[in-house]
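Trainee: I would like to go through this model with you, one question at a time. Where should we begin?

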Amino acid sequence: MKIYIMRHGEAASGTPDAHRPLDLTGQQEVARIADWFMSMLGEDRHQLKVVASPYDRAQQSARIIGQALNVHDIMTLPIMTPDAPPETLIDWLTHNVDPREDDAPWLFVSHMPLVAELVGQLVDGSPNARLPMGTADVVELEAEVWAAGCATLVRHVTPATVTLD
């Protein structure tokens, strides 16, 4: 089973942090990634399950992807904030995303440092492992069970390096 972990697009500066929207560059980055998802998922794109942080920039990123793929049901997960512990999301994955029963791909849109730590722990298993991610970067992971150290990193794409089929 595959999941995709995405960092939101470039955001405007300001406060409060939770209400910062994407800036124009961020919107363009996410649109490029949305095109990549359309190309890569093809006819299966409507099966994508999208989950996002409650912060505005992640919600906006998820909506851009969802609109492009005709996926309008976006789940908000309060445990996906920037400084949330990755173990909490790994526990949520373990209990809510069963690769044996659900082969639909999932997309999780969140923030640094959570996305870097989450990918690091899922792939490496170490609580100190991390994979730095730029804005609108997407990591594709595969696993038979969602637990620390049990995932395989399939690819890491950036808005600048995506190729469209």
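Trainee: Is A136 buried or exposed?

Mentor: This is a predicted model, so every value here is computed from predicted coordinates. A136 sits in the loop between helix 4 and strand 5. Buried means under 20% relative accessible area. The relative accessibility of A136 is 0%, so the residue counts as buried.

Trainee: What is the phi of A136?

Mentor: A136 is a residue other than glycine, and its phi has a positive value. That phi is near 65°.

Trainee: N70 also has a positive phi. Is N70 buried or exposed?

Mentor: N70 lies in the loop between helix 2 and strand 3, and its phi is near 60°. The cut-off for exposed is over 50%. With a relative accessible area of 55%, N70 is exposed.

Trainee: In what order do the strands of the sheet lie?

Mentor: The sheet is open and has 6 strands, with mixed pairing. On average, neighbouring strands are turned by 20° against each other, direction ignored. The strand order is 3-2-4-1-5-6.

Trainee: Which strands stand at the edges, and why is one side of each left without a neighbour?

Mentor: Each edge strand has a single partner strand, so one of its sides has no neighbour in the sheet. The edge strands are strand 3 (74–76) and strand 6 (152–157).

Trainee: Which residue of strand 3 stands opposite V51?

Mentor: Strand 2, residues 49–52, runs parallel to strand 3, and 3 bridges join the two. The residue opposite V51 in strand 3 is M75.

Trainee: In what sense does strand 1 pair with strand 4, and in what sense with strand 5?

Mentor: Of the 6 residues in strand 1, 5 are buried. Strand 1 and strand 4 are joined over 5 bridges, with R7 and S110 as bridge partners. On the other pairing, I5 stands opposite V139 in strand 5. The sense is parallel with strand 4 and, over 5 bridges, antiparallel with strand 5.

Trainee: What angle does the direction of helix 3 make with that of strand 4?

Mentor: Helix 3, residues 86–96, packs on the sheet and touches strand 1, strand 3 and strand 4. Its direction and that of strand 4 make an angle of about 160°.

Trainee: Which residues of helix 3 are buried?

Mentor: The buried residues cover an arc of only 160° around the axis, which puts them on the same side of helix 3. What covers them includes strand 1, strand 3, strand 4 and helix 4. The buried residues are P86, L89, I90, W92 and L93.

Trainee: Which strands does helix 4 lie across, and at what angle does it run to strand 1?

Mentor: Helix 4 comprises residues 114–124 and lies across strand 1, strand 4, strand 5 and strand 6. The angle to strand 1 is about 150°.

Trainee: How far does helix 1 reach from its first C-alpha to its last?

Mentor: Helix 1 spans residues 24–41 and has 18 residues. At 1.5 Å a residue, 26 Å is expected, and the reach is close to that. From first C-alpha to last, helix 1 reaches 26 Å.

Trainee: Within what arc do the buried residues of helix 1 fall?

Mentor: The buried residues are G26, E29, V30, I33, A34, W36, F37 and L41. Their cover includes strand 1, helix 2, strand 4, strand 5 and strand 6. Seen down the axis they line one face of helix 1, because they fall within an arc of 160°.

Trainee: Which residue caps the N-terminal end of helix 1?

Mentor: The contact runs from a side-chain oxygen to the backbone nitrogen of T25, at 3.1 Å. At the other end, helix 1 is followed by G42, whose phi is positive, near 55°. The N-terminal cap is D23.

Trainee: What is omega for the peptide bond from T15 to P16, and for the one from M112 to P113?

Mentor: P16 lies in the loop between strand 1 and helix 1, and P113 in the loop between strand 4 and helix 4. The bond from T15 to P16 is cis, with omega near -5°. The bond from M112 to P113 is cis, with omega near 0°.

How values were computed: Residues are numbered from 1 along each chain as its sequence is written. This is a predicted model: local features need pLDDT of at least 70, side-chain atom pairs count only at pLDDT 80 or more; totals for chains, interfaces and linings use all residues. Side-chain values use heavy atoms; hydrogens and water are left out. Two strands pair if DSSP finds at least two bridges between them. Helices (H or I, at least four residues) and strands (E, at least two) are DSSP runs, numbered from the N terminus. Axes are lines fitted to C-alpha atoms, for helices over the stretch in contact, and angles run from 0 to 180 degrees between N-to-C directions. Contact means heavy atoms within 4.5 Å. The expected span of a helix is 1.5 Å times one less than its number of residues. Buried means under 20% relative accessible area, exposed over 50%, partly exposed in between (1.4 Å probe, protein chains only). The arc is that of the directions from the helix axis to the C-beta atoms. A polar contact is a pair of N or O atoms within 3.5 Å; within protein, one must be able to donate a hydrogen and the other to accept it, and residues adjacent in sequence count only if both atoms are side-chain atoms.
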